[in-house]
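Trainee: Could you walk me through reading the features of a protein model, one at a time?

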Amino acid sequence: MSTATSPINAESAIRERIDSWVAAALAKDLDTLMTHYAPDVVAFDAIGALQFKGLDAYREHWAKCFELCPGTMKFTLHEVQIQVGDDIAFSHALSHCGGTNDQGEEQACWMRGTTAYRRRAGEWLIVHEHFSAPFDMQSGKVLFDLEP
């Protein structure tokens with residue numbers, strides 16, 4: 001097995017991509033953030049729509065998210081787990097995400113996230129992303145106050 005495709009190197013590459021993705025989200029750098037996604041990405045985000053298909057749709061969604069948080073962004077990942085194959089990988093984590101509204105109040109909660117990657121032309125790109133929050137089935141209310 002070549003070192004370029006070893007699971008250890010692939011996991012390191014995915015961790016670097018995750019770190020770069022978080023940095024772009026925190027900086028509200030939409031252009032850099034979008035370089036992490038494949039053109040045919042399908043995303044299930046917790047807000048806005050049932051699904052987003054394609055880079056343009058997901059870019060528009062991220063732009064709206066940044067507008068909702070005019071102040072500082074918050075994105076911290078916990079318990080990151082990564083599994084890799086030859087050209088496919090996935091990660092899952094708990095994320096504390098949100099931002100500061102226009103009154104300076106932090107609006108953040110714990111979410112669950114799973115991300116699928118494909119290696120294309122030697123680069124790991126996100127082909128599927130899924131963020132969700134648990135909810136109470138009896139009341140239908142989202143459980144934003146849960147913590148790990």
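Mentor: Happy to. Keep in mind that this is a predicted model. Let's begin with a cysteine: Cys69 has a relative accessibility of 11%, so Cys69 counts as buried, the cut-off for that class being under 20%.

Trainee: What is the nearest cysteine sulfur to Cys97, and how far away is it?

Mentor: The nearest one belongs to Cys109, at 5.3 Å, and Cys97 is in no disulfide. A disulfide needs the two sulfur atoms within 2.5 Å. Cys97 is also buried, because its relative accessibility is 15%.

Trainee: And how many disulfides does a search of the whole structure find?

Mentor: Zero. Cys69 fits that result: the nearest cysteine sulfur, that of Cys65, is 7.4 Å away.

Trainee: Let's turn to rings. How is a pair of aromatic rings described?

Mentor: By the distance of the centres and the angle of the planes. In this structure there are eight aromatic pairs. Take Trp21 and Phe75: their ring centres are 4.9 Å apart and the planes stand at 90 degrees, so this pair is edge-to-face.

Trainee: Which parts of the chain does the pair of Trp21 and Phe75 tie together?

Mentor: Trp21 sits in helix α1 (residues 7–27) and Phe75 in strand β3 (residues 73–84), so the pair joins parts 54 residues apart in sequence. Trp21 and Phe75 are both buried.
For another geometry, look at Trp62 and Phe66: with centres 5.5 Å apart and planes at 50 degrees, the pair is tilted. These two are both in helix α3 (residues 55–68), separated by four residues, or about one turn of the helix. Trp62 and Phe66 are both buried as well.

Trainee: Which residues form the aromatic cluster?

Mentor: Both pairs we discussed belong to it: the cluster is formed by Trp21, Tyr37, Phe52, Tyr58, Trp62, Phe66, Phe75 and Phe131.

Trainee: Now charges, please. When can side chains of opposite charge pair?

Mentor: They can do so when their charged atoms come close. A search of the whole structure gives seven salt bridges. One of them joins the side chains of Arg59 and Asp31, at 2.5 Å from N to O. This pair links distant parts of the chain, with Arg59 in helix α3 and Asp31 in helix α2 (residues 30–34), 28 residues apart.

Trainee: Are Arg59 and Asp31 buried or exposed?

Mentor: Arg59 is partly exposed, because its relative accessibility is 29%, while Asp31 is exposed at 52%.
A salt bridge also brings together the side chains of Arg120 and Asp40 (2.9 Å, N to O). Arg120 is in strand β5 and Asp40 in strand β1 (residues 37–44), so the pair ties together parts 80 residues apart in sequence.

Trainee: Where are Asp87 and Arg119, which also meet in a salt bridge?

Mentor: Asp87 is in the loop between β3 and β4 (88–100), and Arg119 is in strand β5, 32 residues apart. Their N to O distance is 3.3 Å. Asp87 is partly exposed, with a relative accessible area of 41%, whereas Arg119 counts as buried at 17%.

Trainee: Strand β5 keeps coming up. What is Thr115 in contact with, leaving aside its neighbours within four places in sequence?

Mentor: Thr115, in strand β5 (residues 106–120), contacts Ala89, Phe90, Ser91, Ile126, His128 and Glu129. Thr115 is buried, because its relative accessibility is 10%.

Trainee: Last one: which residues make the nonpolar surface patch of about 460 Å²?

Mentor: Phe135, Met137, Val142 and Phe144 make that patch. Val142, for example, lies in the segment after β6 (123–132) and is partly exposed, with a relative accessible area of 39%.

Key:
Residues numbered from 1 in each chain as written. Predicted model: local features only at pLDDT ≥ 70, side-chain atom pairs only at ≥ 80, totals over all residues. Heavy atoms only, no water. Buried < 20%, exposed > 50% of the residue type's maximum accessible area, 1.4 Å probe, protein only. Contact = heavy atoms within 4.5 Å. Patch = residues over 30% accessible without salt bridge, like charges linked within 9 Å, V, L, I, M, F, W, Y side chains within 5 Å. Areas by Shrake-Rupley, 256 points an atom, 1.4 Å probe, with all protein chains shown as cover. Salt bridge = Lys/Arg side-chain N within 4 Å of Asp/Glu carboxyl O. Phe/Tyr/Trp six-rings, centres within 6.5 Å; stacked < 30°, edge-to-face > 60°.
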